[in-house]
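Let's walk through this model together, from its confidence to its core and its charged pairs. Have the coordinates open as you read.

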Amino acid sequence: MYNDNPTIKGLEKKVDETKQGEVFFKEHSNDDGRKFYIESYGCQMNFSDSEIVASILSKTGYSPTRNIEESDLILINTCSIREKAEDNVRQRLRVFDKIKVKRPGMLVGVLGCMAERLKKKFLEEEKLVDMVVGPDAYRDLPNLISRASDGNKGVNVFLSREETYAEISPLRLGSNGVSAFISIMRGCDNMCSFCVVPFTRGRERSRDAFSVIAEATDLLSKGFKEVTLLGQNVDSYKWENPETKETVNFANLLEMVATVSPELRVRFSTSHPKDITDEVLYTIKKYKNICDYIHLPVQSGNSRVLELMNRTYTREWYKERVEAIYRIIPECAISSDIIAGFCTETEEEHQDTLSMIEFAKYSMSYMFTYSERPGTVAAKKYPDDIPHATKKRRLAEIIEVQSKASLESNQRDLDKSFEVLIEGDSKRSDKDFKGRNSQNKMVIFPKKENYKKGDYVTVHIHEVTSATLIGTIKD
Ligand code: 5AD
Ligand code: SF4
């Protein structure tokens with residue numbers, strides 16, 4: 001889900017994979033008008049933001065293109081979460097600079113999380129870009145573009161306490177026509193000591209619940225079958241209805257979205273272990289269309305390291321939450337984010353992370369080496385003292401234990417049947433479909449007449465790898 005790759009992955013790749021994407025680009029292209037090309041890096045939130053940006057641009061006469069060579073405006077939606085992500089953006093900007101030489105008048109803009117930190121560098125020192133726009137300033141894009149067209153480089157990195165883009169209907173750029181993201185909140189107030197997000201995306205704010213429901217209803221009417229509610233910390237979603245003064249919490253919002261239609265699957269990400277409540281777990285249990293899958297990043301399995309990370313929970317607290325999930329929703333899959341080699345982490349503490357993977361039986365994890373980010377509490381207070389080679393070795397051990405846990409999790413699914421939402425052709429063969437079960441596991445199975453993308457089918461599993469379930473449709 002995290003895309004740190006400098007090649008055009010992300011949006012481009014997703015669009016390539018889907019006919020729906022093709023249709024979208026044809027429908028929205030305007031041969032005479034100006035064209036924009038957008039490339040996204042990082043988390044799902046960034047991909048979701050690019051769809052908001054596309055919507056704003058389409059209202060000012062720009063249409064999207066997948067062909068960078070014919071674009072009048074190149075936008076790169078950036079991620080700052082690790083150093084590598086930032087390096088990749090720099091490389092891409094150099095590539096864009098070469099294209100620019102061939103297309104005078106073409107503009108290049110940097111959007112997203114790198115905007116605040118690197119605005120000066122990009123605009124003044126490296127002269128690589130024409131505008132730098134932070135995550136809360138996308139409404140200002142038309143203005144910045146028109147100023148940049150007149151040769152005035154522009155910056156807007158203002159972070160808002162209110163902006164949620166609530167009423168903007170995103171243009172589903174890279175969509176497969178089946179699943180879509182809905183942003184339910186922005187920013188983060190948690191201040192995990194390693195994380196740059198509170199600085200790049202600002203304070204936490206929740207979106208109007210009714211605008212979330214309206215978006216889900218609209219998606220359903222357009223044939224979508226699955227929505228993922230997005231936020232840095234969805235469990236702290238809180239919105240007050242200005243008329244009734246009633247507060248909508250995350251469990252209430254989940255229930256509201258689930259009752260839009262039993263045909264619409266509901267997913268959500270990311271949950272914070274300190275905030276996930278039994279109320280949320282019982283709501284998941286109550287509705288079949290709320291998926292049995294929770295992304296619950298642990299970061300470290302050791303209480304001392306968790307304290308340094310300012311995660312505000314202990315190993316014991318996390319284990320209790322995992323037990324509660326499996327007790328209330330026995331079929332639930334849990335996934336995680338894990339950081340190897342955080343400041344001062346000892347070998348014993350690293351072992352606690354390995355044993356946590358086994359305890360929690362994660363179906364999968366996103367695993368990283370610690371990367372010091374300027375301005376964070378960890379960068380200011382703690383030494384980045386674990387040698388690179390040690391971080392790499394610990395990461396390799398984490399990956400190994402997780403691969404085993406993933407395989408074991410999938411082996412427990414052998415001989416079971418799952419409802420799968422068909423997302424399209426499998427990557428390897430157009431004779432097979434791919435789709436996901438409620439637990440968010442990828443399922444591959446041979447096509448059968450009368451079934452198409454967007455249908456729910458029951459698939460019986462007869463073979464597994466650590467990454468995939470393989471089965472056949474049960475009529
Ligand atoms: N170094 C390494 N990984 C990080 N993450 C966030 N900040 C850092 C960092 N400085 C990881 C965390 C988080 C995920 C989105 O990225 O695991 O959950
Ligand atoms: Fe970063 Fe922690 Fe907020 Fe996640 S919860 S975005 S890791 S500060």
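The paragraphs below cover confidence, nonpolar packing and salt bridges in turn.

This is a predicted model, so to speak of local features a pLDDT of at least 70 is needed, side-chain atom pairs count only at pLDDT 80 or more, and totals for chains, interfaces and linings use all residues. Residues are numbered from 1 along each chain as its sequence is written, chains are lettered from A and ligands numbered from 1 in the order written, and side-chain values use heavy atoms, leaving out hydrogens and water.

The protein's mean pLDDT (the predictor's confidence in each residue, from 0 to 100) is 91, and 93% of its residues reach 70 or more. Over residues 4-27, though, the pLDDT is below 50. Where pLDDT is low, the predicted coordinates should not be read in detail.

Now look inside. The largest nonpolar core (buried Ala, Val, Leu, Ile, Met, Phe, Trp, Tyr and Cys residues joined through side-chain atoms within 4.5 Å; buried is under 20% relative accessible area, exposed over 50%, partly exposed in between, with a 1.4 Å probe and protein chains only) has 69 residues, of which Ile184, Leu229 and Phe342 touch the most other members.

Turn next to Arg186. Asp49 forms a salt bridge (a side-chain nitrogen of Lys or Arg within 4 Å of a carboxyl oxygen of Asp or Glu) with Arg186, the closest N and O atoms being 2.9 Å apart. Both residues are buried. Asp136 also bridges to Arg186, at 3.5 Å between the closest N and O atoms, and Asp136 is buried too. Arg201 and Arg205 join Asp49, Asp136 and Arg186 in a network of salt bridges.

Conventions:
Contact = heavy atoms within 4.5 Å.
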